[in-house]
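Welcome! Have the sequence and the 3D view ready, try each exercise yourself, and then read through the solution.

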Amino acid sequence: GPAGLAAGLYAGRSRLSTLIIEKGQDGGQIAITDEIENYPGQRVEGESGASLVARMTEQAEKFGCERIADTVTEVSLDGEIKVIKTAKAEYQAKNVIVATGAFSRPIGCKGEEDYIGRGVSYCATCDANFFEDLEVYVVGGGDSAVEEALYLTKFARKVTIIHRRDELRAAKSIQEKAFANPKVDFMWDSVVEEIGGEDILSEMKVKNVKTGEITTVVADEDDGLFGLFGFIGTIPNSDLFKGIIDMDERGYIKGDENMGTNLDGVYVAGDVRIKSLRQVVTAAADGAIAATQ
């Protein structure tokens, strides 16, 4: 992600022997974001997460970062020499920067796993086009949920935001856009209890948390399905480091102002660390600080 790539850029440019290990595609969560508006210096019009990350990757490679596509399976971070074991090899380093990011929190309803990719999604950019002219439901009430709901209105004929409270948590400017959009509707004080359908998602039970009333949502007969998108926060990708690096009760890694952890030579950067703002700009800053330290 941006934290790891920024760390790689700064470390490589400082002529350090630098290796970036990535198990998937570059970019982390931002790679699946359709539109970015608040990264300083970006293209004002037409900047996507993928295009921004592609330039970050190119920068890191220009300054000598080696790249490995592999999955880290075990770490030994005590002592001067750290050992990183992967599915394919083993590496040694004097310093390690953990920039493993976070991932989408599941909606938590019965049947959710059965319908992932068959109506359930956590990425509007990836899957919005599958629901062109259909109805879509978005679970959540924060910035991401409302922004993704607005993006989905470009494809779906109607987007309903399901939120467990009676007001949104998103920034006022984002709320105003949602309330002004004729395609956006709301189900307040509600949670998704269960989903179902034959092969594809076509039924859903929604519970009102105040009254206990259950509303059954059924796909339009002509449609045969609807979309359900979850945007209710993230879970840190830190299981590999439990019992090794200090973290909070949610699994976010503790880092000081210089990104240092409780272990000498081990740093943390990006969404996996405890912080108040998880954005590309703060992730990139974390990576730069960690590499410099």
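Two strands pair if DSSP finds at least two bridges between them. Helices (H or I, at least four residues) and strands (E, at least two) are DSSP runs, numbered from the N terminus. The model is predicted, so local features need pLDDT of at least 70 and side-chain atom pairs count only at pLDDT 80 or more, while totals for chains, interfaces and linings use all residues. Residues are numbered from 1 along each chain as its sequence is written, and side-chain values use heavy atoms, with hydrogens and water left out.

**Exercise 1. Find the partners of strand E9 and work out the order of its sheet.**

Step 1. Start at E9, residues 135-139. With strand E15 (residues 227-230), E9 forms 4 bridges in the parallel sense; here Val138 has Phe229 as its bridge partner.

Step 2. Now look at strand E10 (residues 158-162), which pairs with E9 in the parallel sense over 5 bridges. Val139 is matched with Ile162 of E10. To get from E9 to E10, the chain goes through helix H4 (residues 143-152), and this β-α-β crossover is right-handed (with the strands pointing away from the viewer, the path from the first strand over the helix to the second runs clockwise).

Step 3. Move on to E11, which runs parallel to E10 and is joined to it by 4 bridges. Ile161 stands opposite Phe186 in E11.

Step 4. Put the strands in order: E8-E15-E9-E10-E11, an open sheet of 5 strands with parallel pairing. Strand E8 (120-121) and strand E11 (184-187) are at the edges; each has a single partner strand, so one side of each is left without a neighbour in the sheet.

**Exercise 2. Which parts of the model does helix H4 pack against?**

Step 1. Check how covered H4 is: 7 of its 10 residues are buried (under 20% relative accessible area, where over 50% is exposed and in between is partly exposed, with a 1.4 Å probe and protein chains only). Among them are Ala145, Val146 and Leu150.

Step 2. List the neighbours of these buried residues: helix H3 (124-127), E9, E10, helix H5 (172-180), E11 and E15. Contact means heavy atoms within 4.5 Å.

Step 3. Look at H5 alone. The axes of H4 and H5 come within 10 Å and cross at roughly 35 degrees. Axes are lines fitted to C-alpha atoms, for helices over the stretch in contact, and angles run from 0 to 180 degrees between N-to-C directions.

**Exercise 3. How do helices H1 and H2 lie against each other?**

Step 1. Find H1 (residues 2-13) and H2 (residues 49-62), whose axes are 8 Å apart at an angle of about 25 degrees.

Step 2. Name the arrangement: H1 is therefore roughly parallel to H2 (under 35 degrees; over 145 would be roughly antiparallel, 65 to 115 roughly perpendicular and the rest oblique).

Step 3. Pick out the residues that meet: Pro2, Leu5 and Leu9 from H1, with Val53, Met56, Thr57, Gln59 and Ala60 from H2.

**Exercise 4. In what order do the strands of the antiparallel sheet lie?**

Step 1. Begin with E3 and strand E4 (residues 82-86), which run antiparallel and are joined by 4 bridges. Val75 stands opposite Ile84 in E4.

Step 2. Add E5 to reach the order E3-E4-E5, an open sheet of 3 strands. Strand E3 (72-76) and strand E5 (90-93) are the edges, each with a single partner strand, so one side of each has no neighbour in the sheet.
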